[in-house]
Amino acid sequence: MQRLARNGGTAELLRWLSGRADGWAGIAGSDGTVLSASGTVAPDAPSPPDVPRLVADGVRALAERGALAYSHDTGAHTALLFPLYADDRGAAPLLAVVTPRPVAAGLATLLADVLMPLSLCWETEAVERKRRRVDLAESRGREAVLHLLMTGQLSIARQVAGALRPRLPDPVRVCVVECPGGSRDEVARVCAEADGGRSWIVRCPVYARHLILVMPAEETPEGTATDEAVAALVDHCVVGVSEQVPLADTATGYRQAFHALAVAREHPARHVRFGLTPEPALVVGSAGRQWAEALLTPLLTHVPRRAQDPGSQELAATAASWLAFSSHATGHLKVHRNTLAARLKLIGELLGLDLHRLADQSALDLALRIRATPAPVCTPDPGEPTRTDTGGAAAPAHANGAAQDLDEVLRRPAVQEWAARQLSPMGGPAGPAAEETLRAWLGCEGRLGPTAAELGISVPGARKRLTRLETVLQRSLLRPPSARYDLWLALRAQEVKP
């Protein structure tokens with residue numbers, strides 16, 4: 001019994017008991033429900049009993065009589081019941097055994113002896129089940145906080161995070177750790193130990209092998225960056241890290257970290273920090289903010305016809321999640337794919353966009369990023385002062401409130417400089433071939449098959465070219481969040497250059 005309790009727990013003890021009783025052994029709750037069982041009554045036995053009903057009747061009789069044990073003969077079988085442990089509330093589970101008559105000599109004594117190890121196993125497993133539920137609840141709570149941060153709901157995120165530890169840091173670096181298969185929990189423990197529990201660690205709801213760390217921007221007291229320590233401590237893990245960003249820009253930090261991760265996969269150190277700045281939303285100026293506001297107004301002012309339909313905030317979060325994660329947004333948002341499709345259709349209708357077109361996707365992505373960026377940090381238009389209202393939004397000094405065309409926004413000098421910087425890595429000897437691949441891929445809406453046909457090569461060949469291009473550009477292309485929106489905007493900016 002002791003050996004089975006140590007090595008197999010409740011399940012092995014019940015299996016052994018059912019064999020010794022030549023029948024059925026199980027654990028029943030105080031309401032008569034069978035919670036765990038092993039063995040069976042021989043179906044060819046004369047008048048085989050209805051075991052669940054027999055156990056339920058026995059539990060009820062035991063409770064009514066206030067007895068410490070119960071035995072009931074059904075003719076060909078005997079049911080024996082013993083409470084696993086004393087419980088003043090009468091809620092203790094019971095050991096139930098159904099065995100053929102006559103009862104084997106010593107079986108009742110054997111059952112009395114097994115109560116102690118069986119009750120210890122059962123209680124231990126109950127504690128473990130509760131611990132797992134607590135861990136799951138904490139994990140989902142952290143995931144919810146990350147989702148709030150990614151959608152810009154900073155104050156609510158801080159309120160929810162107040163019940164958990166550690167406190168949300170500000171400013172932060174966002175780190176994405178790609179773990180070896182099946183080791184995410186262990187890597188999370190290593191991450192927590194590496195920085196003394198200072199980072200906010202979340203298991204990615206989209207990619208099963210990813211951990212997301214929202215880390216304090218400053219180094220650990222020991223002077224070793226957490227991301228570098230994790231890459232050194234865990235074999236075969238890959239780490240991408242963002243620049244320092246305000247906590248409100250966690251979504252930007254995540255995109256940067258994900259792009260750095262794509263480069264780190266090909267890097268000997270398995271660790272890369274994002275090195276391209278700035279974000280396009282920071283250089284569009286007041287004209288870009290007007291354009292984004294005009295584009296998004298139908299979405300942000302949408303009032304659902306029914307209370308159960310998604311409102312403007314939920315639709316905006318859906319659009320941002322889908323642009324970032326594509327079809328994986330169902331896991332991020334915890335919705336069915338049909339629900340996601342219906343929401344995207346509504347978003348497209350409200351905005352007058354065809355969300356199957358990369359051009360419209362890029363425009364919507366830029367507009368949402370502009371909206372999520374505080375106006376005071378945006379690069380102002382040369383010679384044009386701005387004023388800031390109490391909500392932090394900036395408005396141009398002139399009274400022109402008309403929406404600006406996206407091409408006009410892309411002609412802005414700061415945007416032109418940003419576009420040139422995005423495409424500058426392709427200026428080397430491999431530049432023409434790399435640019436040809438990039439233009440073909442973007443022209444084919446980011447689809448591999450049509451891209452391969454356009455280039456006259458195989459699909460694996462196109463994939464290899466794009467993988468090499470990821471290393472050149474230091475951005476993720478094939479896996480979302482992809483840099484394809486930024487690259488489309490950069491190429492478009494070149495095309496409309498004044």
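**Two sheets, a pocket and the reliability of the model**

In strand β4, Leu 81 is the bridge partner of Tyr 70. This pairing belongs to a predicted model, and it offers a convenient entry to the first of the sheets described here. A second pair of residues extends the register, for His 72 has Ala 79 as its bridge partner in β4. Altogether, β3 and strand β4 (residues 77-83) are joined by 4 bridges and run in the antiparallel sense. The hairpin of β3 and β4 places 3 residues between the strands, and within this hairpin Gly 75 adopts a positive phi near 110°.

The wider setting of this hairpin is an open sheet of 5 strands, ordered β2-β1-β5-β4-β3 and paired in the antiparallel sense. Because β2 (34-39) and β3 (70-73) each have a single partner strand, they stand at the edges, and one side of each is left without a neighbour in the sheet. On average, and with direction ignored, neighbouring strands of this sheet are turned by 15° against each other. As a general point on reading such pairings, side chains in a regular strand alternate between the two faces of the sheet.

Another sheet follows later in the chain. It is also open and consists of 5 strands, in the order β7-β8-β6-β9-β10, but its pairing is mixed. The edge strands of this sheet are β7 and β10 (271-273), each of which pairs on one side only. From one strand to the next, the twist averages 15°. Within the sheet, β6 and β8 run antiparallel and are joined by 7 bridges; in this pairing Val 177 stands opposite Leu 211 of β8. Helix α4 packs on the sheet, where it touches β7 and β8, and the direction of α4 makes about 105° with that of β7.

The other partner of β8 is β7. Strand β7 (residues 200-203) pairs with strand β8 (residues 210-216) in the antiparallel sense, over 4 bridges. A hairpin of 6 residues connects β7 to β8, and Ile 201 stands opposite Leu 213 in β8.

Several backbone features deserve attention outside the strands. In general, most peptide bonds are trans, and most residues other than glycine have a negative phi. Against this background, Asp 170 and Pro 171 are joined by a cis peptide bond, with omega about 5°. Pro 171 lies in the loop between α5 (154-161) and β6 (172-178). A cis peptide bond also links Pro 480 and Pro 481, with omega about 0°, and Pro 481 belongs to the loop between α18 (459-473) and α19. His 236, a residue other than glycine, has a positive phi near 70°; its place is in the loop between α7 (226-233) and β9 (238-241).

Which helices supply at least two residues each to the lining of the largest pocket? They are α4 (107-150), α8 (250-264), α10 (312-325), α13 (358-372) and α19 (484-495). Helix α4, which packs on the sheet by touching β7 and β8, is thus named in both settings. The largest share of the lining, 8 residues, comes from α10. The volume of this pocket is about 970 Å³. Its lining comprises 46 residues, and those nearest the centre are Met 150, Ala 251, Leu 368, Arg 369 and Ala 372. By class, 24 residues of the lining are nonpolar, 13 are polar and 9 are charged.

It remains to consider how far the coordinates can be relied upon. The chain has a mean pLDDT of 84, and 89% of its residues reach 70 or more. Where is confidence lowest, and where is it highest? The lowest mean, 35, falls in strand β12 (residues 394-396), whereas the highest, 94, falls in helix α12 (residues 337-351). The pLDDT is below 50 over residues 384-404, a stretch that has 28 contacts in the model beyond near neighbours in sequence. Where pLDDT is low, predicted coordinates should not be read in detail.

How values were computed:
Residues are numbered from 1 along each chain as its sequence is written. This is a predicted model: local features need pLDDT of at least 70, side-chain atom pairs count only at pLDDT 80 or more; totals for chains, interfaces and linings use all residues. Side-chain values use heavy atoms; hydrogens and water are left out. On a 1 Å grid over the protein atoms alone, a cavity is a set of points where a 1.4 Å probe fits but cannot get out, and a pocket is an open set with protein on both sides within 12 Å along at least five of seven lines; lining residues have an atom within 4 Å of a point. Grid points are joined across faces, edges and corners, and a volume is the space filled by probe spheres set on the points. Ala, Val, Leu, Ile, Met, Phe, Trp, Tyr, Cys and Pro count as nonpolar, Asp, Glu, Lys and Arg as charged, and the others, Gly among them, as polar. Two strands pair if DSSP finds at least two bridges between them. Axes are lines fitted to C-alpha atoms, for helices over the stretch in contact, and angles run from 0 to 180 degrees between N-to-C directions. pLDDT is the predictor's confidence in each residue, from 0 to 100. Contact means heavy atoms within 4.5 Å.
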